[in-house]
Structures are given as structure tokens and as C-alpha cells.
Amino acid sequence: MAETGLSGRHVVPVKLRGGAIDAGVAYLRTGQGTGLGSPVVLIHGVGMNADVWAPQMDALSRHHDVIAMDMPGHGASDLPPEDAGLADYYDAVIGLMDALG
């Protein structure tokens, strides 16, 4: 179950490191339930957060379920493990998608 967080974000629990580490991943979502088009997942760059996608979310939500996530250590998402690697960020994306169905 998602919890509402910073700036209208929702936070879902995910597993990193093959389930060894619990983390919360925050996301923004628009266009949900429109029945139009497929989901679109937006992933920001280093040092940013989901807010950077606001203009694109507005435009895409007219025809898609748009999800913009805060990667681990950014925005309202939990910090990643100290020795985070690419697999931890991959786990966060997959974990979010799994949690959202």
C-alpha cells in the first residue's frame, strides 16, 4: 500500500539486493485510470528528482498512465546502501513497477 509523501508523492516499499534490503521509493503518477495508452515510466538523472518531469507528465498524461519516480537517494526516496551499484537502482525501478502492478 502506497503512502502519501512529500509534494503529493506516494512511497512504496521495495526490496534491494535481491530482497536483503528494504527501501522506500517515491513516485508521482498522473493519467491513471484514463484507459488510454500504455504506462510511461520517467526516470530522472543524477542530482534531480521526479519534479523535473512535470511538463512532460502533463502532456503525456492525456494519453498514458505516467509514473515519474524519485530514484534512491533523490527526492523523497530512501537513501541507497552506501556501496550502491547499478543493480540497486535497477531493483528500485523493478520494485516500483511490481508494487504498482
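A nonpolar core, as used here, is a set of buried Ala, Val, Leu, Ile, Met, Phe, Trp, Tyr and Cys residues joined through side-chain atoms within 4.5 Å. Buried means under 20% relative accessible area, exposed means over 50%, and partly exposed covers what is in between (1.4 Å probe, protein chains only). What you have above is a predicted model, where local features need pLDDT of at least 70 and side-chain atom pairs count only at pLDDT 80 or more, while totals for chains, interfaces and linings use all residues. Residues are numbered from 1 along each chain as its sequence is written, and side-chain values use heavy atoms, with hydrogens and water left out.

Let's start with the overall layout. The chain has two helices and five strands, counting as helices DSSP runs of H or I with at least four residues and as strands runs of E with at least two, numbered from the N terminus. Read from the N terminus, the order is β-β-β-β-α-β-α. Of the 101 residues in the chain, 34% are buried. Contact here means heavy atoms within 4.5 Å. Among contacts in the chain with a separation of 6 or more, 59% are between residues 24 or more positions apart. On the outside, the chain exposes about 5,700 Å², with carbon and sulfur atoms supplying 58% of that area; accessible areas come from the Shrake-Rupley method with a 1.4 Å probe, and for residues only the protein chains shown count as cover.

Now go inside. The largest nonpolar core has 13 residues, and the ones that touch the most other members are Val 14, Val 25, Tyr 27, Met 69 and Leu 96. At least two residues of this core come from each of β2, β3, β5 and α2, and α2 gives the largest share, four residues. A second core of six residues lies apart from this one, and its members include Leu 42, Ala 50, Met 57 and Val 66. To see how the main core is knit together, click on Val 25: leaving out residues up to four places away in sequence, Val 25 touches His 10, Val 11, Val 12, Val 14, Met 69, Asp 70, Ser 77, Ala 92 and Leu 96.

Helix α2 deserves its own look. The expected span of a helix is 1.5 Å times one less than its number of residues. For the 15 residues of α2 (residues 86-100) that gives 21 Å, and the end C-alpha atoms are 22 Å apart, so the two agree. Its buried residues are Asp 88, Asp 91, Ala 92, Val 93, Gly 95, Leu 96 and Leu 100. An α-helix has 3.6 residues a turn, so residues three or four places apart point the same way. The cover over the buried residues of α2 includes β2 (10-16), β3 (21-30), β4 (39-43) and β5 (65-70). Gly 95 sits in this helix and is buried because its relative accessible area is 14%. Gly 95 and Val 14 are 81 residues apart in sequence, yet 5.0 Å apart in space, C-alpha to C-alpha. After α2 comes Gly 101, with a positive phi near 85°.

What about the charged pairs? A salt bridge is a side-chain nitrogen of Lys or Arg within 4 Å of a carboxyl oxygen of Asp or Glu, and by this rule the count is seven. Asp 70 and Arg 9 form one of them, at 2.4 Å from N to O. That pair ties together distant parts of the chain, with Asp 70 in strand β5 and Arg 9 in the loop between β1 (3-4) and β2, 61 residues apart. Asp 70 is buried at 0% relative accessible area, and Arg 9 is buried at 1%. Arg 9 and Asp 70 also belong to a salt-bridge network with Asp 51. Another salt bridge joins Lys 15 and Asp 22, whose closest N and O atoms are 2.5 Å apart; here Lys 15 is partly exposed at 47% and Asp 22 is exposed at 57%.

Finally, find His 74, in the loop between β5 and α2. His 74 counts as buried because its relative accessibility is 17%. Not counting residues up to four places away in sequence, His 74 touches His 44, Gly 45, Val 46, Gly 47 and Met 48.
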